[in-house]
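Colleague: I would like to learn how to read a structure such as this one. Could we go through it feature by feature?

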Amino acid sequence: MTTEMKLPSSSNRKRNTNSPSAPIKLPLLFGLSAIVFISLIFLQSLLVPPISTVSGDFHNGQQQKQRRQQQLQRQGQEWKDHRHHKPNVESTTKMNNTNSNNPRNNNNNPYLKDKDKIIGMLQAMSVDPYAIDNETWAEVPTWTQVQQIWGTEPKIYGLYVPNQNDGMNFCASFRNSIDEYRRHIAVGGVFSTGTNLLAQLLQHNCGIPERIKKYGRRRGHGMEWQVPWGKHNPYRYRGKHYVKDFNSDRHHPKLQDYLPAVTIRDPYSWMTSMCRHPYTVRWPHLPKNCPNLLKNHRPNNVSARFGADKTQRVSFDSLAHMWNVWYGEYFNETKHPLVMVRFEDLIFYPKEVTQKVCECAGGELMKPHQVYSDKDQLAHGSDFHYVVGSSLNGPGHGRANPRHGLIDAWIKYAKVREERTSKFSKSDYIFSEQNLDKRMTKFFGYA
């Protein structure tokens with residue numbers, strides 16, 4: 001028997017739309033959606049802070065920063081005003097001790113405290129120290145810090161200073177044996193040790209009176225750019241190699257007429273500088289582990305080409321041994337007069353070093369003289385020309401900084417021993433301590 005399925009009639013289908021199982025009406029759906037939307041907005045307001053609050057915090061921070069900058073500007077202007085204020089001559093001494101507004105009282109500005117030395121050098125160069133921002137001054141070491149690192153006076157080998165165990169009275173020997181008008185001071189030093197700086201300091205500020213009377217200041221001051229055998233050449237080339245300037249001198253000088261003034265630099269700083277710019281020195285090393293004094297637990301051999309013999313390279317057991325040998329040839333000289341000065345003293349004691357070296361040869365400090373090798377303009381009215389610029393920013397001393405060169409030099413070279421050796425690996429540091437010439441490191445304060 002067959003059962004047939006009958007479709008409901010149209011009238012029945014119409015009646016079924018009114019039954020309880022019919023779809024929810026459209027207005028009710030809109031109502032539920034509105035409730036959900038409002039709930040989401042409420043939850044968002046609980047989780048996210050109002051936009052006005054965020055912007056308010058931002059503006060408050062900006063306002064605080066602006067107020068701080070304005071305060072620093074006002075203080076800087078006050079220091080400038082006080083600097084230009086001229087008190088009565090009779091009360092100058094009293095005001096220097098009691099007036100808190102006087103710029104000479106370093107307590108007035110904590111950033112300038114105990115920095116009279118460099119302030120005086122800047123003023124002698126016609127540089128306004130009060131125009132330098134406090135952020136820069138905060139980096140500049142105090143004079144107490146400088147003296148703790150490099151001592152209270154320059155260390156010069158050859159002046160016969162008994163308390164420094166320097167038994168060589170080279171200065172008196174040179175003056176007693178060479179006529180004044182024949183004397184020269186000539187600069188020497190291995191790569192990256194401030195030879196240009198010393199030469200310019202001497203040429204600007206030193207003169208030998210008898211030479212100047214005979215030959216004039218411009219060409220007769222007697223301060224030579226390099227020793228006759230070449231400033232970077234080892235001392236062993238003395239009398240075996242002569243630079244062009246020496247051979248072409250129309251006054252026909254002799255080797256003994258020259259007092260070598262040799263620059264020496266802290267060996268750790270020097271090795272670090274050689275990693276940046278090795279000049280003609282070659283040795284296998286990695287930038288991340290320079291100076292790489294050891295290779296397979298043995299000294300890492302280095303070689304250098306000097307101007308005296310461009311076809312041959314001179315070998316040394318390591319970079320530390322190169323420092324020993326190059327300077328040891330001068331340090332151990334007992335027959336011919338010479339002086340050795342620290343590169344660091346040229347930064348912190350430039351006038352003192354220049355005067356001592358100048359007087360060693362019988363010269364004296366004179367009114368600063370413009371020289372062709374230095375583009376820095378002479379400061380008007382100054383009695384000494386402090387050299388900055390290219391002589392401090394050569395390839396071995398790092399790239400030039402837009403800030404004033406003297407400020408940068410003080411910041412860069414007033415580093416304690418730990419900072420100067422910070423880039424050395426443990427093995428390189430131990431090797432240096434064991435192999436650097438202890439007599440020289442002790443005398444020059446590098447130990």
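Modeller: Let us begin with one helix. In α13, the buried residues are Pro267, Tyr268, Ser269, Trp270, Met271, Thr272, Ser273 and Met274. Keep in mind throughout that this is a predicted model.

Colleague: How many of the 10 residues of helix α13 are buried, and what does "buried" stand for?

Modeller: A residue is called buried when its relative accessible area is under 20%. Helix α13 spans residues 267-276, and eight of its 10 residues are buried, so by this cut-off the helix is mostly covered.

Colleague: What do the buried residues of α13 pack against?

Modeller: Their packing partners are strand β6 and four helices: α14 (319-331), α18 (417-420), α19 (426-435) and α20 (438-443).

Colleague: Which sheet does β6 belong to?

Modeller: An open sheet of three strands, ordered β6-β9-β10, with antiparallel pairing. Its edge strands are β6 (281-282) and β10 (314-316), each of which pairs on one side only. Between β6 and strand β9 (residues 302-304) there are two bridges, in the antiparallel sense. As for individual residues, Arg282 is opposite Ser303 in β9.

Colleague: Back to helices. Which residues of helix α5 are buried?

Modeller: In helix α5 (residues 116-124), they are Ile118, Ile119, Met121 and Leu122. These residues lie on the same side of α5, because the arc they cover around the axis is only 160°.

Colleague: What covers the buried residues of α5?

Modeller: The cover includes α6 (134-139), α15 (343-348), α16 (350-360) and α17 (405-413). After α5 comes Ser126, which has a positive phi, near 60°.

Colleague: Now the other sheet. How should I read the order of its strands?

Modeller: The order gives the neighbours across the sheet. Here five strands make an open sheet, β1-β11-β5-β2-β4, and the pairing is mixed. At the edges are β1 (156-157) and β4 (223-224), which each pair on one side only.

Colleague: Which way do the neighbours of β5 run, and how many bridges join β2 to β5?

Modeller: Strand β2 (residues 184-188) and β5 run parallel and are joined by five bridges. Within that pairing, His184 is opposite Tyr258, and Ile185 has Leu259 as its bridge partner. On the other pairing, β5 and strand β11 (residues 339-342) are also parallel, with four bridges. There, Thr263 of β5 is opposite Val341 in β11.

Colleague: Are the residues of strand β5 buried or exposed?

Modeller: Seven of the seven residues in β5 (residues 258-264) are buried. To read this, start with the general idea: side chains in a regular strand alternate between the two faces of the sheet. In β5, one side carries Tyr258, Pro260, Val262 and Ile264, while Leu259, Ala261 and Thr263 are on the other. These residues are all buried, so both faces of the strand are covered.

Colleague: Next, empty space. How many cavities of 30 Å³ or more does the structure hold?

Modeller: It holds three cavities of that kind. The volume of the largest cavity is about 60 Å³. Its lining has 10 residues, and those nearest the centre are Leu346, Ile347, Pro350, Val387 and Leu406. Helices α9 (195-205) and α15 each contribute at least two residues to that lining.

Colleague: How do the lining residues of the largest cavity divide into nonpolar, polar and charged?

Modeller: The division is 10 nonpolar, no polar and no charged. The second largest cavity, with about 50 Å³ of space, has three nonpolar, two polar and three charged residues in its lining. Those lining residues are Tyr181, Arg182, His184, Arg211, Tyr215, His251, Pro253 and Asp257. His184 has come up already, as the residue opposite Tyr258 in β5.

Colleague: Last, the chain as a whole. How many helices and strands does the chain have?

Modeller: There are 20 helices and 12 strands. Of the 447 residues in the chain, 43% are buried.

Colleague: And what share of the contacts joins residues at least 24 apart?

Modeller: Count the contacts between residues at least 6 apart in sequence; 68% of these join residues at least 24 apart.

Technical notes:
Residues are numbered from 1 along each chain as its sequence is written. This is a predicted model: local features need pLDDT of at least 70, side-chain atom pairs count only at pLDDT 80 or more; totals for chains, interfaces and linings use all residues. Side-chain values use heavy atoms; hydrogens and water are left out. Buried means under 20% relative accessible area, exposed over 50%, partly exposed in between (1.4 Å probe, protein chains only). Two strands pair if DSSP finds at least two bridges between them. The arc is that of the directions from the helix axis to the C-beta atoms. Contact means heavy atoms within 4.5 Å. On a 1 Å grid over the protein atoms alone, a cavity is a set of points where a 1.4 Å probe fits but cannot get out, and a pocket is an open set with protein on both sides within 12 Å along at least five of seven lines; lining residues have an atom within 4 Å of a point. Grid points are joined across faces, edges and corners, and a volume is the space filled by probe spheres set on the points. Ala, Val, Leu, Ile, Met, Phe, Trp, Tyr, Cys and Pro count as nonpolar, Asp, Glu, Lys and Arg as charged, and the others, Gly among them, as polar.
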